[in-house]
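Here are some exercises to work through with the structure open beside you. Try each task before reading its solution.

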Amino acid sequence: MWGFEVEPPPLDPHRWGGTDSATVIVNVYSTLFKWTYGEKIVNDLVDQWTMVSPTEYRVRLRRGVRFHDGTPLTSADVEYSLGRILTPATGATWRGQLAIIRRVEVIDDLTFRLHLSAPIAPDLLRELLSMPHTAILSKRWMAQPRNFAVEHMGSGPFKFAERRHGISILLERNPYYYEEGRPYLNRVLFTIYPDEELRTAALKTGVIHVNHYLPWKDIETMSKDPGIAIGMTDWAFLDVTFNVTAPPFNDRRVRQAVGYAVNRKAIVDAAFFGYGAPITGGVLSGAHFKGQWYYNPDTAGYWEYNPTRARELLREAGYPNCFRATILTSGDHHMHWVAAEIVQAGLNAIGCNISVDKREWGTRVALGNREQYQFAINGKGPFLSDPDFYMTWYYSKLAPLYHRPAGYNFPGLDALLERARSLTDQKERLALYKQFEQEFLKESPAIPLVFRTQATAYRKKVRGLEVLRGPGWPLTGKLLENVWLD
Amino acid sequence: MVMALTGRRLRRRWRLVATGLVIAFFLLVAFLPEVFAPRSPTAFDTARRLEGPSRDFPFGTDDLGRDILSRIIHGARPSLIIAFGAVGIAVVGGVTLGMVGGYYRGLWEWLPMRLVDVMLCFPPIVLAILIVGFLGPGMANLVMVIGFLYVSRMARVVHGATLSIRDSDYVEAHRAVGAGGARILLRGILPNIMAPVIVQATLMLGTAILVESGLSFLGLGVPPPAPSWGDMIGRGRTFMLNSPTGVVFPSVTLMVVVLAFNLFGDALRDHLDPRLRGAR
Amino acid sequence: MRAYVARRVVTALGLTVLVGILARSLIHLLPGDPVSLILGSETAVDPQVLRTVRAQLGLDRPVYAQVASWIGGLFRLDLGQAFSTGQPVIEIIAETLPRSLYIVVGGTLVGTLLGIPLGVIAALHRNRPLDWIASGIAALGISTPVFVVGTLLVLIFGVELRWFPASGYVGFSEDPSAFFRRLTLPVTTLGFGMLALIERMTRSTMLEVLGQDYVRTARSKGLDRRRVVYRHALANALVPVVALVGVELGTLLGRTVLVEYIFNWPGMATMLLRAVRFRDYAVAQGIVLVISLIFIFVNLLADLLYALLDPRIRYE
């Protein structure tokens, strides 16, 4: 009943395998905290959570939680699971983010102490522990080698029943689920539809009930269908990253010129059919962050479509006739290459000679990781409702990664991010992030372009489903335990 | 009797001339797109994207709000270069490999034909993805990739045709007068296998553009902003539901060109092949 | 003859192994790292994590060692495991190959059964309206990409009329009628392109044969026209058509890439495309190996059939 975009990889619960894979994992496993309606993070396995000191928490687990095989979930399973994440050999995606966990001290079956090596904002810690990659596994079950492609043992609302390679994944109701009466559904079937057209057709004809990734071009036509509801939220965004070590983009004025030469509105129209918004300042200036403690409207209005200003900046930088350059983009994603074409058109309009290098996704990623490009289009999605997400993209002490600017090294910016992460007071943190955004705009190693609206379409007979807004969007599938069909 | 004969001949000529004119027209468009195109093929207006035909845009607009008619006209050159370039490579490579493999025996039959087998084993789209992957996208690379894909197909056809005549009296006669291998191939065999080569080549002209559209559908076509018909079809398909003109008009253009090539090929073959003159 | 066949079989086996190695080398030349593709695209991955996973998948060994162990595995019918799902490649192929064959064989049947008569009609009515109609259909078939034909069929028959399911796969053993209903649209799409090729080939060879002396002699001897056309001309004209079908049947397996993609048909071509995209080396290599095996043997059969049909060709 749920349409998937790609077949999820083997689903190691501690590795990120894409939104689709996360949808399966959050339903099969429980985490210490979880997302629920209204983008709130509530207790999942945790019953009581007490901060003893900034580096020590005392945790009591929910009573009566059992794995799908009926065995009880205990502190030892938490110790094992967090330990597994921190073991390099696991290849856990969030090992870096969770490296502040020093150890788990088991007190009894339901109680343990969490020791940290450094203080961290408490809300951020709770949020990190609500991510699908922090799933709690059964220590006993994991004693034997397991193949996550076909078998799982969690304590979530559904149990993993069957995987038909290339076709579907079937989940069945977990009779032991801790919440009485939940989940309502007996079975959930995830079917894989790689082609957008087909996924939309399948939803229209009722073959699937949910399409978590509705293409923008179909939003208007689908919203006219009386049987279909659409939930939307701004989530990810596109940016241009530069190779800041090589000419012409080693000059911040040239990078800024790109920021002024691009018609962001045209990208929103062409790539997202109007479902999105230009980013006129830092990422935190996005209107959908309004109401969040980290909303930062200060920088809004910094960027505008201003070819004259772009030309001036280029002249100052010593490129009166602009330059030749190639922009790298992905040929697999319409939004990526259309954005590249509009950047190309904007720069060519002020005399540049830009070519677009459209590559198949794997090649594009590899060229990015090797930093073999001049400038490139990227998609970035915040996974946290905390500006700590900046760490993922613009922290230069990490290995080169395709969506980070190439040759990126700005110690001042790094220091701000590190400090902002370690504080517990939100006001102080916000001040640091504001400062970060100011400095970042000045350097512009990357230029944010537009936010995109993420649309999830489902048949109206699916009750209890709601699209989680903002960073909660990829985890909307967690609500399945509350869903029923009319 | 005489009248009837010239009448028929005229009609045959007429077909050759008519299809030739259509092709000449497209070649002219390809050489001088600026003369024919009402607008710039790259100027875009995203406020007017995916529109149907109108006075401003006779063929409608694409996903960036560019004029489809102008893009089709400007797309003639890249599309025809891809088609002719690829087929040129296929004819030269395929005829050589196929004739050598068909005429000789032993190693010289074995080597070219097994080479062809190996090339044919790779599914075209997959091989194209692999080659474009490490060569990088671009017109010249596309021509090479598609040409390379077609060499093996052409070689199979030529090989079959050569096999069927290699022991014919005609070739035997060449051999009897002491002609060398190259001479027999060029004078004895080549004229006699032209019919399937022409049919195959005219078919390939159309399908070459389609291979490109398939690549474009998968995101690997001619790099923008240069328009090509294949790229337009591949891209138009994405928005087929929103606005069908983006895929209909380039496809119809491609169809007209393919039809013209095929009929021209038929007529040319009839004209060249003396045996067919009195047929029917 | 028997010696010839034996020689060809041995050569064919050698070639397929060569093709397999070539396939692996080509994917290696393609930039891209299976691990970073498996670990997803939107989060940062710790370099140490990358190294760990590479080692788990055996990717830290030199390429020649990887190839050598692959060849070693061939003798045990072990083609390795998929990086993405951990499933043995041989199992993936056993599961997906029949699904692809259904649409390939179906498409070939549709294309041949409609293409040959259409070609014959066109040849017999050369330069008259029936010929033009046939040529028009063929041109349409050649100039319309499968992904356009397929999408149109889905939209018309799957979404609007709802005669056939738009996509998906149901095994024959699970529900035969659902199986055939889902098979209809992909087979039609594939058959349409095939039809065009066969029509063109049949028409041209028919014309050629009709112009040849023995047919004319037969006609002048006063033989029934129909008899001449079907007994003499068609039989001879079919020789190159058979060769074409032979070439196509093998390559169609690969050409189904787009058809399978559009109809969400979980066949071998879909697996191959995914394997290339996600650099799942072993899967891609294994599938290319199987396609080339089929291709080479189908062509061997076509060659032998050729010899059977055309007395002018001899093998020694």
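**Exercise 1.** At what angle do helix α7 (residues 146-160) of chain C and helix α8 (residues 176-210) of chain C pack, and how far apart are their axes?

*Solution.* Keep in mind throughout that this is a predicted model.

- Step 1: Two packed helices are described by the angle between their axes and the distance between the axes.
- Step 2: For α7(C) and α8(C), the angle is about 145 degrees and the axes are 10 Å apart.
- Step 3: Now add the handedness: α7(C) and α8(C) make a right-handed crossing.
- Step 4: Look at who meets whom. From α7(C) come C:Val146, C:Val149, C:Gly150, C:Leu153, C:Val154, C:Phe157 and C:Gly158, and they meet C:Leu185, C:Thr188, C:Thr189, C:Phe192 and C:Gly193 of α8(C).
- Step 5: Sort the residues of this contact by character: 7 are nonpolar, 5 are polar and none is charged.

**Exercise 2.** Locate B:Pro41 and decide: is B:Pro41 buried or exposed?

*Solution.*

- Step 1: Find B:Pro41 in the loop that lies between α2 (33-36) and α3 (68-103) of chain B.
- Step 2: Count its surroundings. B:Pro41 has 21 other C-beta atoms within 10 Å.
- Step 3: Compare with the cut-off: a residue is buried if 20 or more other C-beta atoms lie within 10 Å of its own. B:Pro41 is therefore buried.
- Step 4: List its partners. Leaving aside residues up to four places away in sequence, B:Pro41 touches B:Arg66, B:Ser70, B:Arg71, B:His74 and B:Pro227.

**Exercise 3.** Describe the contact between chain B and chain C from the side of chain B.

*Solution.*

- Step 1: Begin with the totals: chain B contributes 45 residues and chain C contributes 50 residues.
- Step 2: Identify the elements of chain B that give two or more residues: α4 (107-121), α5 (124-135), α6 (139-165), α9 (194-217), α10 (229-238) and α11 (245-272).
- Step 3: Pick out the main contributor, α9(B), which gives the most with 10 residues.
- Step 4: Divide the chain B side by character, into 28 nonpolar, 9 polar and 8 charged residues.

**Exercise 4.** Which elements of chain B have the lowest and the highest mean pLDDT?

*Solution.*

- Step 1: Take the whole chain. Chain B has a mean pLDDT of 81, with 91% of its residues at 70 or more.
- Step 2: Go element by element: helix α1 (residues 2-31) of chain B is lowest at 75, while α3(B) is highest at 91.
- Step 3: Check the stretches below 50. Residues 1-5 of chain B have 0 contacts beyond near neighbours in sequence, whereas residues 276-280 of chain B have 7.
- Step 4: Read with care: where pLDDT is low, the predicted coordinates should not be read in detail.

Technical notes
Residues are numbered from 1 along each chain as its sequence is written. Chains are lettered from A and ligands numbered from 1 in the order in which they are written. This is a predicted model: local features need pLDDT of at least 70, side-chain atom pairs count only at pLDDT 80 or more; totals for chains, interfaces and linings use all residues. Axes are lines fitted to C-alpha atoms, for helices over the stretch in contact, and angles run from 0 to 180 degrees between N-to-C directions. Helices (H or I, at least four residues) and strands (E, at least two) are DSSP runs, numbered from the N terminus. A crossing is left-handed if the near helix is turned anticlockwise from the far one by less than a right angle, and right-handed if clockwise. Two residues are in contact if their C-beta atoms, placed from the backbone, lie within 7 Å. Ala, Val, Leu, Ile, Met, Phe, Trp, Tyr, Cys and Pro count as nonpolar, Asp, Glu, Lys and Arg as charged, and the others, Gly among them, as polar. A residue is buried if 20 or more other C-beta atoms lie within 10 Å of its own, exposed if 12 or fewer, and partly exposed in between; C-beta atoms are placed from the backbone. pLDDT is the predictor's confidence in each residue, from 0 to 100.
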